[in-house]
Amino acid sequence: MSVMIKESPISEEDMIALAETALADISRVREGVGRVIFGQESVVERTLVALLAGGHALLVGVPGLAKTKLVETLGIVLGLDSRRIQFTPDLMPSDILGSEVMEQDEFGKRSFRFISGPIFAQLLMADEINRASPRTQSALLQAMQEYHVTIAGVRHDLPAPFHVLATQNPLEQEGTYPLPEAQLDRFLMQVDILYPEIEAERRILLETTGIEDAKAQNVLQPARLKEIQTLIRRMPVPESVVEAILQLVRSARPGQGNAETDKHVAWGPGPRASQSLTLCARARALYDGRLAPSIDDIRALAEPVLQHRMALTFAARAEGTTVRDVVAKLAKGI
């Protein structure tokens, strides 16, 4: 089913009707993902929230926690054209973006033709993104922010919608290149994937070691996903939620009057963090069947939105303090 969203202001009744239809679609997406990904409800929720908000997500977890499977499943369920890039130290920017090749026709005339790379997809999985050099990592910067790339001075627009889901192993650091802060800031959220609960792991053992594995089924089309993303941007945000976002983000910056932050934080999140919190709070509200975000949404999203946009001082790291600890304290204060 496709529901067109008008660009003009819509009434509250129309907004409710659109939200109910969107909620039904989101429920089908959740069920479709749940048939393949067992447990990890928080991971699935945060990743879907990032996609519904129209952004990118960084999935961080040790090997074997179904990061790749989650991205593949989302691509199928959402009906997105998906590509995967396995990042390695010898990967070059042209391997991602594409390159121009010289061709000669039958008359001997030579010309350049652009051959697009795997980035020209609606859902790009950047597997183990920190294994590539900074030069190659930077090939994604323009695409993630501006949704187009420039090759030999020519602009090439990316498909819409366009999302990057990158994975990263937090344990193995040998031969890796930490992502630069500018690129981390392009990710709407950092989703940490932890070990599954015992019941979820028992189900994984029973259902993935037989003859047949559960297979994902398509339940949504890219055009419908774009409509839901537009609807989310039209959802009202209460003034109290706006103030909570501003208070939280500004309190995470040194020099803003928060003693704990001044003591532990070397540098804090910029305005893009506030934008990300606003979009993700709207998406999470709709994901839960609500028409407007609440302060509880801000508290729930504080860690995945802020943790990769902050850095601790050397003294704080020496004391064993983590970014999560700092964000958790700040979130309790709003």
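1. The loop between strand 7 (154–157) and strand 8 is the place of P161. In this predicted model, a cis peptide bond joins A160 and P161, with omega about -5 degrees. Most peptide bonds are trans, and most residues other than glycine have a negative phi. The bond between A160 and P161 therefore merits a check in any inspection of the backbone, given that it is cis.

2. A further backbone point concerns Q40. Its position is the loop between helix 1 (12–34) and helix 2 (41–52). The phi of Q40 is near 55 degrees, which is a positive value in a residue other than glycine.

3. Strand 7 also takes part in a hairpin. Strand 6 (residues 148–151) pairs with strand 7 in the antiparallel sense, over four bridges. Within this pairing, V149 stands opposite H156 of strand 7. Two residues lie between the strands of the hairpin, and A152, in the turn, has a positive phi of about 55 degrees.

4. A second hairpin is formed by strand 3 and strand 4, with five residues between the strands. Strand 3 covers residues 98–104 and strand 4 covers residues 110–116; the two pair in the antiparallel sense over seven bridges. Q104 has R110 of strand 4 as its bridge partner, while M102 stands opposite F112 in strand 4. Which residue of this hairpin takes a positive phi? The residue is G108, with a phi near 90 degrees.

5. The pairing in the five-stranded sheet is parallel. This sheet is open, and its strands follow the order 2-5-8-1-9. Its edges are strand 2 (82–86) and strand 9 (189–192), each of which pairs on one side only. From one strand to the next, the twist averages 20 degrees.

6. At one side of the order, strand 2 pairs with strand 5 (residues 123–127) in the parallel sense over five bridges. One of the bridge partners can be named: S82 is matched with L123 in strand 5. Helix 3 (residues 67–77) packs on the sheet and touches strand 1 (57–60), strand 2, strand 5 and strand 8 (163–168). The direction of helix 3 makes about 170 degrees with that of strand 5.

7. The protein chain is divided into domain 1 (11–234) and domain 2 (236–333). How many residues does each domain give to the contact? Domain 1 supplies 29 residues and domain 2 supplies 22 residues. The C-alpha centres of the two domains lie 24 Å apart.

8. The next points turn to helix packing. Two packed helices are described by the angle between their axes and the distance between the axes. For helix 10 (residues 239–251) and helix 13 (residues 295–306), the axes come within 10 Å and cross at roughly 30 degrees. Helix 10 is therefore roughly parallel to helix 13, since angles under 35 degrees count as such. The crossing in which helix 10 passes helix 13 is right-handed.

9. The contact between these helices is made by S240, V241, A244, I245, L248 and V249 of helix 10, together with I295, I298, A302 and L306 of helix 13. Sorted by class, the contact of helix 10 with helix 13 has nine nonpolar residues, one polar residue and no charged residues.

10. Helix 13 has another packing partner in helix 12 (residues 271–287): their axes come within 9 Å and cross at roughly 130 degrees. Is helix 12 roughly parallel or oblique to helix 13? The crossing angle makes helix 12 oblique to helix 13. This crossing of helix 12 and helix 13 is right-handed.

11. On the helix 12 side, the residues in contact are A273, S276, L277, C280, A281, R284 and A285. They meet D296, D297, I298, A300, L301, A302, V305 and L306 in helix 13. By class, the contact of helix 12 with helix 13 has eleven nonpolar, one polar and three charged residues. I298, A302 and L306 of helix 13 are listed in the contact with helix 10 and also in the contact with helix 12.

Note on methods: Residues are numbered from 1 along each chain as its sequence is written. This is a predicted model: local features need pLDDT of at least 70, side-chain atom pairs count only at pLDDT 80 or more; totals for chains, interfaces and linings use all residues. Side-chain values use heavy atoms; hydrogens and water are left out. Two strands pair if DSSP finds at least two bridges between them. Axes are lines fitted to C-alpha atoms, for helices over the stretch in contact, and angles run from 0 to 180 degrees between N-to-C directions. Contact means heavy atoms within 4.5 Å. Angles under 35 degrees count as roughly parallel, over 145 as roughly antiparallel, 65 to 115 as roughly perpendicular and the rest as oblique. A crossing is left-handed if the near helix is turned anticlockwise from the far one by less than a right angle, and right-handed if clockwise. Ala, Val, Leu, Ile, Met, Phe, Trp, Tyr, Cys and Pro count as nonpolar, Asp, Glu, Lys and Arg as charged, and the others, Gly among them, as polar. Domain bounds come from an automatic or database domain assignment.
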